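Me: I should like to learn how to read a ligand site and a domain layout in a model of this kind. May we work through one example together?

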Amino acid sequence: MADFKNKVIYQIYPKSFCDTNHDGIGDINGIISKLDYLQELGVDMIWMCPIFASPQRDSGYDIKDYYHIDPIFGTMKDLEHLIAEAKKKNIDLMFDMVFNHTSTEHEWFQKALKGNEKYKNYYFFKKGKDGKLPTNWDSKFGGKAWKYVPEFNEYYLHLYDEKQADLNWKNEEVRNELIKIINYWLDKGIRGFRFDVINNIDKREFTDSSDGIGKQYYCDQPKVHDYLHELNTKSFGLVEGTVTVGEMSATSVENCIGYTRPDNKELDMVFSFHHLKVDYLNKDKWTSMPFDFQELKDLLNTWQVKMQGGNGWNALFWNCHDQPRSVSRFGNDKKYRKESAKMLATTIHMMRGTPYIYQGEEIGMTNHYFTDIQQYKDVESINAYRILKEKGLDEKDIHQILQEKSRDNSRTPMQWDSSLNGGFSDVKPWLQSNQNYKDINVENDLKDSDSIFRYYQKLIQLRKTYKIISDGSYVPFLENHEVIFAYKRYYQDEELIVLNNYYDENTTVNIPHVQEYKVLISNYKEHNLKDTLTLRPYETIVLYK
Ligand code: NOJ
């Protein structure tokens with residue numbers, strides 16, 4: 001079992017990180033060129049979104065060959081160089097294993113399409129029922145989850161895009177192929193694995209669901225635990241020091257305890273997304289609604305407390321390549337950008353779990369606010385645009401929704417400096433840079449001792465210095481406060497109080513004997529520690545004794 005409790009992981013979206021070969025797309029050599037920067041930040045591991053050979057229909061989450069690097073990112077030699085250079089800086093790499101589905105261009109699927117029974121059995125090919133689809137399940141990217149293949153008069157299952165065919169994990173041959181892939185990358189020196197939508201791998205039963213969505217037949221089914229245990233004991237569990245994280249879609253805390261309890265030997269930690277749905281109107285992502293602060297608090301507290309109770313472990317995050325930028329979503333990306341970015345970071349980094357930082361978060365990058373559908377590249381956003389249009393929504397309203405929810409908000413190029421395209425590339429980037437790069441960029445943040453970057457650096461150092469942050473217990477605090485999100489941590493005789501004001505007005509809170517504490521970190525300089533504390537707009541303060 002790896003010691004991951006005091007580690008911090010940095011997520012790179014390779015396409016948008018740094019372009020060194022002048023094609024407008026980030027590459028492996030670009031990552032190598034920024035290792036000093038990541039070392040200075042203090043992170044232990046880099047999770048890279050998929051760099052395997054792919055038609056890039058879903059930005060690499062449609063893999064056609066798990067053993068080869070997509071030429072847009074570089075070569076195997078470049079990757080080996082990256083692994084070696086990162087190791088020198090005590091940074092490990094985490095790969096993104098997309099095992100729920102492959103691209104339909106994968107050799108296995110291509111053979112299946114030619115009628116090869118062995119490979120047809122790698123996927124789910126089913127006959128329609130009474131002139132209808134095999135089941136009424138939805139695809140997560142819009143429309144239904146079955147695609148017709150006239151040659152067989154059958155349909156194949158795709159829970160995501162129609163070019164992403166779901167793998168049949170019931171088939172032992174499939175599981176062995178996947179184990180072989182992990183072992184191949186372990187041999188290459190990869191020490192972390194993120195498993196994409198891994199709780200969807202067991203399709204228990206092909207039955208219509210009353211809601212027409214279908215989740216109860218493929219999400220968090222009991223066999224997922226068996227399959228993960230098998231992967232663990234035949235691949236990554238055999239190598240000391242590996243770190244694993246499962247991306248869990250629409251999951252439950254009970255299952256996540258099961259996935260991460262060390263004695264179950266499944267995974268180290270999970271990403272769950274309930275706290276990132278608090279701005280969905282009627283559970284629909286493609287709507288516009290201010291976030292529900294009480295619900296956010298309840299969800300984060302519940303997951304902290306219950307995972308702790310069951311000896312599970314959370315991955316802590318606000319941002320990733322699938323989410324809009326947190327400072328635009330839960331903070332204030334204009335007047336209080338710096339304050340709110342630091343406050344949000346504190347909320348997550350002081351919790352029990354392993355924090356993930358998504359590229360650009362550490363300098364407070366914001367949503368892009370695109371105004372034209374042509375500017376979007378993400379397949380999910382483009383599908384959503386079409387579906388909202390069909391529903392008859394106003395163009396203006398659709399744009400507002402996309403500006404708030406589109407995944408492309410987080411995929412814009414990393415902002416390194418104030419030069420053309422934020423220093424990401426000297427040619428037109430694959431996705432337009434956010435035009436605020438002249439102000440918001442790494443170069444500026446490195447020069448400023450009070451920057452968001454310097455604040456993240458300090459948060460990481462604190463986790464490595466204070467056992468109470470990595471190992472302490474978690475207790476919710478001020479649960480009903482209308483604007484403050486607070487909690488306490490305990491370790492031996494130490495105590496930590498974390499206070500975060502989520503709004504742009506002063507608020508007060510009573511902390512008896514507050515003079516006995518010291519301020520460990522805060523986004524405001526001066527503090528007057530009186531039993532009745534005033535928290536200023538977006539103020540965060542961490543008290544320790
Ligand atoms: C989750 C990934 O994070 C997302 O980017 C992708 O589109 C889906 N899984 C499908 O692989």
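Me: From which domains does the shell around the ligand draw at least three residues each?

Reply: Please keep in mind that this is a predicted model. The chain is divided into domain 1 (3-102 + 172-377 + 411-459), domain 2 (107-166) and domain 3 (472-544). Domain 1 and domain 2 each supply at least three residues to the shell around the ligand.

Me: How many residues surround the ligand, and which are the closest?

Reply: A residue is counted here if one of its heavy atoms lies within 4 Å of the ligand. There are 14 such residues, and D58, H101, D196, H321 and D322 are the closest. Sorted by class, the shell comprises 7 charged, 4 nonpolar and 3 polar residues.

Me: Which polar side-chain atoms lie 2.9 Å and 2.8 Å from an oxygen atom of the ligand?

Reply: A polar contact is a pair of N or O atoms within 3.5 Å. For H101, a polar side-chain atom is 2.9 Å from a ligand oxygen atom; for H321, the distance is 2.8 Å. The side chain of R194 also has an N or O atom 3.1 Å from an oxygen atom of the ligand.

Me: How much of the accessible area of the ligand does the protein cover?

Reply: On its own the ligand has 290 Å² of accessible area, of which the protein covers 97%. The space that the ligand takes is the largest pocket.

Me: How many residues of domain 1 and domain 3 are in contact?

Reply: Contact here means heavy atoms within 4.5 Å. On that basis, 29 residues of domain 1 touch 32 residues of domain 3. The C-alpha centres of these two domains are 29 Å apart.

Notes
Residues numbered from 1 in each chain as written. Predicted model: local features only at pLDDT ≥ 70, side-chain atom pairs only at ≥ 80, totals over all residues. Heavy atoms only, no water. Polar contact = N/O pair within 3.5 Å; in protein donor to acceptor, adjacent residues only side chain to side chain. Areas by Shrake-Rupley, 256 points an atom, 1.4 Å probe, with all protein chains shown as cover. 1 Å grid on protein atoms, 1.4 Å probe; cavity = no way out; pocket = protein on both sides within 12 Å on 5 of 7 lines; lining within 4 Å. Sits in = over half its atoms within 2 Å of the grid points. Nonpolar A, V, L, I, M, F, W, Y, C, P; charged D, E, K, R; others polar. Domains from an automatic or database assignment.
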